[in-house]
Amino acid sequence: MNDAPATSRTPDAAAIIQQLDWSKQGGLVPAVVQDASTLRVLMLGYMDRAAVQATCDSGHVTFFSRSRQRLWTKGETSGHYLDLVSIEVDCDADTLLVQVAPHGPTCHLGRASCFPSAPGSFLAELDALIGARERNRPPGSYTTRLFEGGVRRIAQKVGEEGVETALAAVAQDDSALLGEAADLVYHLQVLLRARGLSLQDAVAVLRERHTPG
């Protein structure tokens with residue numbers, strides 16, 4: 001399965017354009033770009049009406065370049081496209097939050113984000129890495145060996161790590177408990193991937209169960 005969340009439907013460009021107040025910055029609005037999987041902020045760009053329309057039509061995030069005075073699609077030269085997942089207008093109707101599935105680094109310096117220390121979900125990054133290990137099976141990788149052992153062997157490891165975590169909770173110090181808990185989470189992610197699922201799928205179930213308040 002795809003590591004990035006899929007777009008549930010094509011955003012309505014006309015509705016988004018209609019919601020925005022284009023008068024504040026000369027026909028442009030800032031667009032905060034966020035990785036939909038890790039939630040890391042990747043970059044800030046600007047869009048005009050045509051960029052919003054092009055983004056929704058193509059599924060590749062497109063900006064208005066203030067220096068070049070033209071539309072440009074992120075990745076048009078590097079191939080590092082930003083696949084559109086969703087667009088949201090803020091409460092003042094003058095800024096966009098654009099969630100994406102990035103293809104490669106976003107920053108021109110080769111970094112994942114233009115903001116070097118931008119926080120994100122490490123578990124989501126680890127889940128994507130495990131998914132890549134499942135597909136590519138690099139030799140010498142412990143994760144590869146787990147996948148090649150099959151679902152039953154991985155499930156056994158999850159059971160072992162669960163018992164060790166429980167024992168550490170009642171008989172060992174915090175450091176030991178944290179170490180066993182980390183092993184359990186990792187092996188659980190491998191097991192989900194071995195079944196064609198992901199950590200995001202489990203999180204979605206938790207979200208459905210959650211009752212605010």
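Author: A salt bridge is a side-chain nitrogen of Lys or Arg within 4 Å of a carboxyl oxygen of Asp or Glu. The structure above is a predicted model: local features need pLDDT of at least 70 and side-chain atom pairs count only at pLDDT 80 or more, while totals for chains, interfaces and linings use all residues. Residues are numbered from 1 along each chain as its sequence is written, and side-chain values use heavy atoms, with hydrogens and water left out.

Reader: Thanks! How many salt bridges does the structure hold?
Author: Happy to start there. R70 and E76 form one of them, at 3.4 Å from N to O, and E134 meets R137 in another, also listed at 3.4 Å. The total number of salt bridges in the structure is 8.

Reader: What relative accessible area does E76 have?
Author: Three classes help here: buried is under 20% relative accessible area, exposed is over 50%, and partly exposed lies in between (1.4 Å probe, protein chains only). R70, the partner of E76 in a salt bridge, counts as partly exposed because its relative accessibility is 35%. E76 is also partly exposed, with a relative accessible area of 37%.

Reader: Which residue forms a salt bridge with R193?
Author: R193 is a buried residue, and its partner is buried too. Their closest N and O atoms are 3.0 Å apart, and the partner of R193 is D127.

Reader: How many residues apart in sequence are the parts that this pair ties together?
Author: The salt bridge is the one between R193 and D127. Helices (H or I, at least four residues) and strands (E, at least two) are DSSP runs, numbered from the N terminus. R193 lies in helix α5 and D127 in helix α3, so the parts tied together are apart in sequence by 66 residues.

Reader: Which residues are linked with R153 in a network of salt bridges?
Author: It's a nice one to pick out in the viewer. The network joins R153 to K157, E160 and E161.

Reader: What is the order of helices and strands along the sequence?
Author: The protein chain has 6 helices and 6 strands. Its C-alpha trace spans about 65 × 45 × 30 Å along the principal axes. Read along the sequence, the pattern is α-β-β-α-β-β-β-β-α-α-α-α.

Reader: How far apart should the ends of helix α5 be?
Author: The expected span is 1.5 Å times one less than the number of residues. Helix α5 covers residues 174-194, which is 21 residues, and its end C-alpha atoms are 30 Å apart. That agrees with the value expected at 1.5 Å a residue, which is 30 Å.

Reader: Which helices are included in what covers the buried residues of α5?
Author: The buried residues in α5 are E180, Y186, H187, Q189, V190, L191, L192 and R193. Contact means heavy atoms within 4.5 Å. What covers these buried residues includes α3 (122-136), α4 and α6 (199-209).

Reader: Where is A93, and is A93 buried or exposed?
Author: Most residues other than glycine have a negative phi. A93 has a positive phi, near 60 degrees, and its place is in the loop between β5 (82-89) and β6 (96-102). Because its relative accessibility is 16%, A93 counts as buried.

Reader: What relative accessibility does L39 have?
Author: L39 also has a positive phi, near 70 degrees. The loop between β1 (29-35) and β2 (41-47) is its place. L39 counts as partly exposed because its relative accessibility is 47%.

Reader: How far apart are the C-alpha atoms of A202 and S67?
Author: A202 is found in helix α6 and is partly exposed, with a relative accessible area of 31%. A202 and S67 are 135 residues apart along the chain, and their C-alpha atoms are separated by 44 Å.

Reader: And how far apart in space are R145 and R133?
Author: R145 is found in helix α4 and counts as exposed, at 52% relative accessibility. R145 and R133 are 12 residues apart in sequence, and their C-alpha to C-alpha distance is 9.9 Å.

Reader: Last one: which span does UniProt list for "domain: Phosphoribosyl-AMP cyclohydrolase"?
Author: UniProt positions follow the numbering used here, feature names are shortened, and annotations may be inferred rather than shown by experiment. In the model, the listed span is 14% helix and 38% strand, with its end C-alpha atoms 7 Å apart. The UniProt record, an unreviewed entry, lists residues 43-115.
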